[in-house]
Amino acid sequence: MSADLAHLPVALSRIGRVTGDPVVVLPGGPCRDPAYLGDLAGLGDTCPIVVLHPRGAPGSTDVSRGWWTDADDVIAVIDALGLEHAQVVAHSAGTRLALAAATRFPGRIRSMALITPPATWITGTPHDGDSIPLDRTNPAVAAAIHALQEDDPATESEFTAAFLRQTPATYAHWSPVEQAHATIGSVSLAATSAWFTGIPADAVEQVRAARIPPTLVIGGDRDYLTGVQPVRDYAAALGAEVAFIRDCGHYPWVEQPAEFRSVMRSWLSSADVL
């Protein structure tokens, strides 16, 4: 593994102790503290994992230059790991970063697994979250859905409060496991705002015209944030395989860890990682 790791513009962390070419993981948020990924349901016991801490994440001294430009950092990590090309796993907002890297640097991404991606920006498919069965009789869930539709935070404290208020609607169930997970991994209004700056007007057209590497899209069938049909159409637009995990919201490795682990191991095996 290259000594250039110490000179990267982003921080890295590792999951698992097995040997071999590492899988590069891109967290969502955007720019959320990657601690919320946990151990990805034990995936690191199967293959080595390197998690990129994006610019703007807690502990970073840099601010995001926008996800399109920050794709440079993904390639810098792949270079520093001494790899010609890499398997990439990305969650939520991090899927934009993965697609930017695959589009701007053809051949450097060997395959991708895109977990609960925001989808309407690629397809224009209307959000269908209101048709997703959630426990709307639960006051916390009902309030979270309202907050997702109405919140417009203007300060860091308002942004943090809004994030916590919205989280009950981002899981299929709001049980103690999900409640504990929702508190892990801080977010920032400044980092989120920077993430969406400097994006080319034709970014969607560039992505859709690119030769996308073999890709698996993983959705949750109760993911209020992404919806269901938008994710299906997103996968179709990318020429990707799609797998929906049942009774699952935005965080499959937390909500359905066994099923998530099975889907991921099958995909990585088919992509010649294992």
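In this predicted model, helix α9 spans residues 229-238, and its buried residues are P230, V231, Y234, A235 and L238. These residues lie on the same side of α9, because they cover an arc of only 135 degrees around the axis. The elements against which they pack are the helices α2 (94-104), α3 (120-123) and α8 (203-209), together with the strands β5 (109-115), β6 (215-220) and β7 (241-245). Just after the helix, G239 adopts a positive phi of about 65 degrees.

Y234 leads from α9 to the interior of the model. The largest nonpolar core contains 44 residues, and Y234 is among those that touch the most other members, along with L26, L99, M112 and L114. Helix α1 contributes eight residues, the largest share of this core. A second, separate core comprises 29 residues, including I15, I115, A182 and L216.

L99 shows how parts of the chain meet. When its neighbours within four places in sequence are left aside, L99 is in contact with M112, L114, W121, V207, I212, Y234 and L238. Two of these partners, Y234 and L238, also belong to the buried residues of α9.

A further position to consider is L83, which is found in the loop between α1 (67-80) and β4 (86-91). L83 has a relative accessible area of 11%; this value is under 20%, and the residue therefore counts as buried. Not counting residues up to four places away in sequence, L83 touches D21, P22, I78 and R108. From L83 to E241 the separation is 158 residues in sequence and 25 Å in space, taken from C-alpha to C-alpha.

Note on methods. Residues are numbered from 1 along each chain as its sequence is written. This is a predicted model: local features need pLDDT of at least 70, side-chain atom pairs count only at pLDDT 80 or more; totals for chains, interfaces and linings use all residues. Side-chain values use heavy atoms; hydrogens and water are left out. Buried means under 20% relative accessible area, exposed over 50%, partly exposed in between (1.4 Å probe, protein chains only). Helices (H or I, at least four residues) and strands (E, at least two) are DSSP runs, numbered from the N terminus. The arc is that of the directions from the helix axis to the C-beta atoms. Contact means heavy atoms within 4.5 Å. A nonpolar core is a set of buried Ala, Val, Leu, Ile, Met, Phe, Trp, Tyr and Cys residues joined through side-chain atoms within 4.5 Å.
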